[in-house]
Amino acid sequence: MSRRYYGRNTGCAFTLSPTADPKTRKQALTDNRAGWTAAERAEIENHRSNGSWTEIDRSQVPPDRAVVRLIWVHKRKRSGALKARLCVQGCSQVQGVHYDQTFCATMQATSLRVLAAIAASSGMRMRQWDFVAAYLQGDLEHGEGVYCHAPPGYATYGADGRPRVCRVQKPIYGMAQAGRRWQRSHFPWLKEYGFAQCDFDPCVFTLQRDVNGVFQRLVLGCYVDDLFTLYTHDGDGSLYSEFTAALVHRWNVEDEGP
């Protein structure tokens, strides 16, 4: 049962829940085996449908490649839903072997405030989209080979009787380069669509066109796996509707509303 508290001299209420997130898989399964198992299977299915890895026998791993661990991270969302995320133990990666660069740009907080001010002053509409499992939608570079042990609880065995190994083909959460690889897949797609990248913030993009004699503008703000959209027109045939149709076709996204 959660308890409700009021901040001193503020009048603001907040809720504290005594139920903490499990720190280990054993603790999660003891807490709610059916719920957490379903969450884990959903995560495994996301990776399978995305082609995150292929399973190979341990003997196929190059001798100069270390096999890193996969770990489960269990979280309860604010809605109460259970979320199990499979992560690479990034601290076991070696720079120059498993990855090269890791830098990934993030939209400045000032830029988001500017976008909100523009929407309020100009009458442009503002809507937010979420990329589902964004990092899994990136692409690793050629030669960026990472080999992982099977997900805990979901190992399969090869002909030699040893657990098979996952040869990673897509970025996975926890990988040092995962954010960079996601951004290096997402941003070029926006540019190919026709967006211009802003000089003051590389995570802000603009597009403007004349559609049937009507000037239309679309502005995007990219913050990791969130996409903030500002647009002057919507409806069939509008610049915004054409873009969102292409967005849904290319990426796994959810419309989170205004």
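Tyr-193 and Phe-243 are both buried, and in this predicted model their rings form an edge-to-face aromatic pair, with 5.5 Å from centre to centre and 75° between the planes. Tyr-193 belongs to helix 3 and Phe-243 to helix 4, residues 239-250, so the pair ties together parts of the chain that are 50 residues apart in sequence.

Let me stay with the aromatic residues for a moment. There are 13 aromatic pairs by the rule we applied, and another of them joins Phe-131 and Trp-182, whose ring centres are 4.9 Å apart and whose planes meet at 65°, so this pair is edge-to-face. Here too distant parts of the chain are linked, since Phe-131 sits in strand 7, residues 125-131, while Trp-182 sits in helix 3, 51 residues apart. Phe-131 has a relative accessibility of 1% and therefore counts as buried, and Trp-182, at 2%, counts as buried as well. These four residues are members of one aromatic cluster, which also takes in Trp-189, Phe-195 and Trp-251. Over the face of Trp-251 lies Arg-250, at 3.8 Å from the ring centre.

Now to the nonpolar core. The largest one has 60 residues, and Leu-190, Phe-195, Leu-218, Phe-243 and Leu-247 are those with the most contacts inside it; helix 3, residues 178-193, gives the most to this core, with six residues. Leaving aside residues up to four places away in sequence, Leu-190 touches Phe-195, Phe-205, Leu-220, Cys-222 and Phe-243. A second core, separate from this one, has five residues, among them Ile-56, Val-61, Val-67 and Tyr-147.

Methods. Residues are numbered from 1 along each chain as its sequence is written. This is a predicted model: local features need pLDDT of at least 70, side-chain atom pairs count only at pLDDT 80 or more; totals for chains, interfaces and linings use all residues. Side-chain values use heavy atoms; hydrogens and water are left out. A nonpolar core is a set of buried Ala, Val, Leu, Ile, Met, Phe, Trp, Tyr and Cys residues joined through side-chain atoms within 4.5 Å. Buried means under 20% relative accessible area, exposed over 50%, partly exposed in between (1.4 Å probe, protein chains only). Helices (H or I, at least four residues) and strands (E, at least two) are DSSP runs, numbered from the N terminus. Contact means heavy atoms within 4.5 Å. Rings of Phe, Tyr and Trp (its six-membered ring) pair if their centres lie within 6.5 Å; planes under 30 degrees apart count as stacked, over 60 as edge-to-face and the rest as tilted. A charge sits over a ring if NZ of Lys or CZ of Arg is within 6 Å of the ring centre and within 35 degrees of the ring normal.
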